[in-house]
Every structure is written in structure tokens, then in C-alpha cells.
Amino acid sequence: MSRLQGRIALVTGAASGIGLATSLRFAREGATVLLVDRNDVALRAARAALPEDGHETVVLDVTDEKGWIALAERIAARFGKLDVLVNNAGFGKFGSIADTTLDQWRSIIAVNLDSVFLATKYMLPLLAASGRGAIVNMSSIRGIVGAPNTGSYCAAKGGVRMFTKATALECAAIGNGVRANSIHPGHIATPLTAPAYTDREIARTLLADVPLGRIGEADEIADGILFLASDESRYMTGGEIVIDGGSTAQ
């Protein structure tokens, strides 16, 4: 249980769901975790769930550029480097394109895609200082295949997928030692998705597209993120891992 021993890892959206599962997994593998979220109360509860000492919480709106600048300065002063960046924060609001307001569109793009750009921009020097920096960006199966009533979410997650590849190639070209990969979950049970999966009709419709016949768990996505963050994926950059119970294989 030491695949991330001695490493500094930052996880956004860390207060619940996949972000919390990832933070717990990282801590158990020896990392010092910086848990980032805008929900202060939930963030403190998440920190209390982590084993050992040394982990830190950061209350941050991931769309706030000044907040990212300040956090980069804080990490530089405290640790001098960053080994792993997990851009996990995100949300979806689903509806037809005609019924989507411009404000809704912009909010989904901001949280899911702009935040990835901001984190990457301001954390890259710290990741380069690590000598083995790893970026894991949370996309979705909706970053690969579309569906009705998911226009803004598909646009955001598709953007994350391609921005990850551009990041990987840019880092490789300048030789800064930073790898970047994306992860693409299917239907996963989290506090954010609970309303859909507890509705029998919606759940039945979703499961009809999952060959394995069940909803995924946050821990199963955290396992994939751990692989991309660790040296086990050291020859992988610009790639993607799909964890969806077979949904996109059809």
C-alpha cells in the first residue's frame, strides 16, 4: 500500500463521491492529499475520514482564477512541488439544447472544462518540479459518445478529453516529465447522481445500456485514477481509460 508514498496529490471535488473515494485511496497509498472543494462543511468531514496526518483542505471555487494562483503559491511555499493533479470537480444539468439557457451552458463549461484549464495552467510548474508529475482529468463516456439532452455536458467533457491530449503532447514536447491522461466513467453511484438512480424508471433506462447490468461504484473509478497517477502508467500519456460496464463497447 505504498504506490504513492511521499507524493503530494491535489484532488478537486474531493468532498464527496469519486473525489472523496480517490482521496481516501491516495492517502492509503502513502500520498499527502490536498482536498479541494467549495463545500467547507463536507470538506472537513472528508478530511476527517482520511488516515494519518498531514493532509490539507482547501476551500476553492474551481472556476476562480485568483484562487488557483493563490493555491499554487501556497503549494510552492509548503511543498515546493506537486506530484499528482486530479481534476475531478464537475456537474451536469441535462435538458434539450432548446431549453438550455446561455447561463446554464456557461456554468457547465466553467466547472467541467474551464477549471481543468486553470488548474493545469497554474499547477504545471509545480508538476514539472516533481520530475514525475501526473495529471488525471475527469471526463465521461459523454466525452466519447453523445446522447439526447446532454449537449452542454458532452461539449464540456469532450473538451476535457481533447485538452488532456493537447496537454500531454505539449508536456512531452518540452520534456518537463509531466504526463496527462483522462478517465471516462459511465453510470456511477455518487451523492450527485443518487436522485437519478433511486428513480426506478430512470435507473431501468440507464441499466438497459450497461452490459454488466449494474451501476458502478466510486471506488471503481478511484482505482483507475490511482493507476494513472502512479508509476504503473509511466509509459502512458495522452490516453484515456473508460470504466463504464461495457456501455460504449456497443
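In the predicted model, helix 3 (residues 65-78) packs against helix 4 with an angle of about 25° between them and with their axes 10 Å apart. Because the angle falls under 35 degrees, helix 3 is roughly parallel to helix 4, and the crossing of the two helices is right-handed. On the side of helix 3, the contact is made by Glu-65, Trp-68, Ile-69, Leu-71, Ala-72, Ile-75 and Ala-76, while helix 4 contributes Ser-115, Leu-118, Ala-119, Lys-121, Tyr-122, Met-123 and Leu-126. Two of these helix 4 residues, Lys-121 and Tyr-122, are also related through their side chains, in that Lys-121 lies over the face of Tyr-122, at 5.4 Å from the ring centre.

Helix 4 also packs against helix 5, here at an angle of about 15° and with the axes 8 Å apart. Helix 4 and helix 5 are therefore roughly parallel to each other, and their crossing, too, is right-handed. The residues of helix 4 that take part in this contact are Trp-105, Ile-108, Ile-109, Asn-112, Leu-113, Val-116, Phe-117, Thr-120 and Leu-124. They meet a set of residues in helix 5 that includes Gly-151, Ser-152, Tyr-153, Ala-155, Ala-156, Lys-157, Gly-159 and Val-160, as well as Phe-163, Thr-167 and Cys-171.

Aromatic pairing was examined next, and the count comes to two aromatic pairs. In one of them, the rings of Phe-94 and Tyr-153 have their centres 5.3 Å apart and their planes at 80°, so the pair is edge-to-face. This pair links distant parts of the chain, since Phe-94 belongs to the loop between strand 4 (84-87) and helix 4 (102-130), whereas Tyr-153 belongs to helix 5 (residues 151-174), 59 residues apart. The two partners differ in their accessibility: Phe-94 counts as exposed, at 52% relative accessibility, whereas Tyr-153, at 16%, counts as buried. Phe-117 and Phe-163 likewise form an aromatic pair that is edge-to-face, with 6.4 Å from centre to centre and 75° between the planes. Here as well distant parts of the chain are linked, with Phe-117 in helix 4 and Phe-163 in helix 5, 46 residues apart, and both of these residues are listed in the contact between the two helices. Phe-117 is partly exposed, with a relative accessible area of 41%, and Phe-163 is partly exposed at 25%.

Two loop positions complete the description. Asn-149 lies in the loop between strand 5 (134-138) and helix 5, and its phi is near 65°, a positive value in a residue other than glycine. Most residues other than glycine have a negative phi. With a relative accessible area of 43%, Asn-149 is partly exposed. Leu-192, in turn, is found in the loop between strand 7 (188-189) and helix 6 (194-197), and at 59% relative accessibility it counts as exposed. When residues up to four places away in sequence are not counted, Leu-192 touches Gly-90 and Phe-91. Leu-192 and Gly-17 are 175 residues apart in sequence, yet they are 7.5 Å apart in space, C-alpha to C-alpha.

Notes: Residues are numbered from 1 along each chain as its sequence is written. This is a predicted model: local features need pLDDT of at least 70, side-chain atom pairs count only at pLDDT 80 or more; totals for chains, interfaces and linings use all residues. Side-chain values use heavy atoms; hydrogens and water are left out. Rings of Phe, Tyr and Trp (its six-membered ring) pair if their centres lie within 6.5 Å; planes under 30 degrees apart count as stacked, over 60 as edge-to-face and the rest as tilted. Buried means under 20% relative accessible area, exposed over 50%, partly exposed in between (1.4 Å probe, protein chains only). A charge sits over a ring if NZ of Lys or CZ of Arg is within 6 Å of the ring centre and within 35 degrees of the ring normal. Axes are lines fitted to C-alpha atoms, for helices over the stretch in contact, and angles run from 0 to 180 degrees between N-to-C directions. Angles under 35 degrees count as roughly parallel, over 145 as roughly antiparallel, 65 to 115 as roughly perpendicular and the rest as oblique. A crossing is left-handed if the near helix is turned anticlockwise from the far one by less than a right angle, and right-handed if clockwise. Contact means heavy atoms within 4.5 Å.
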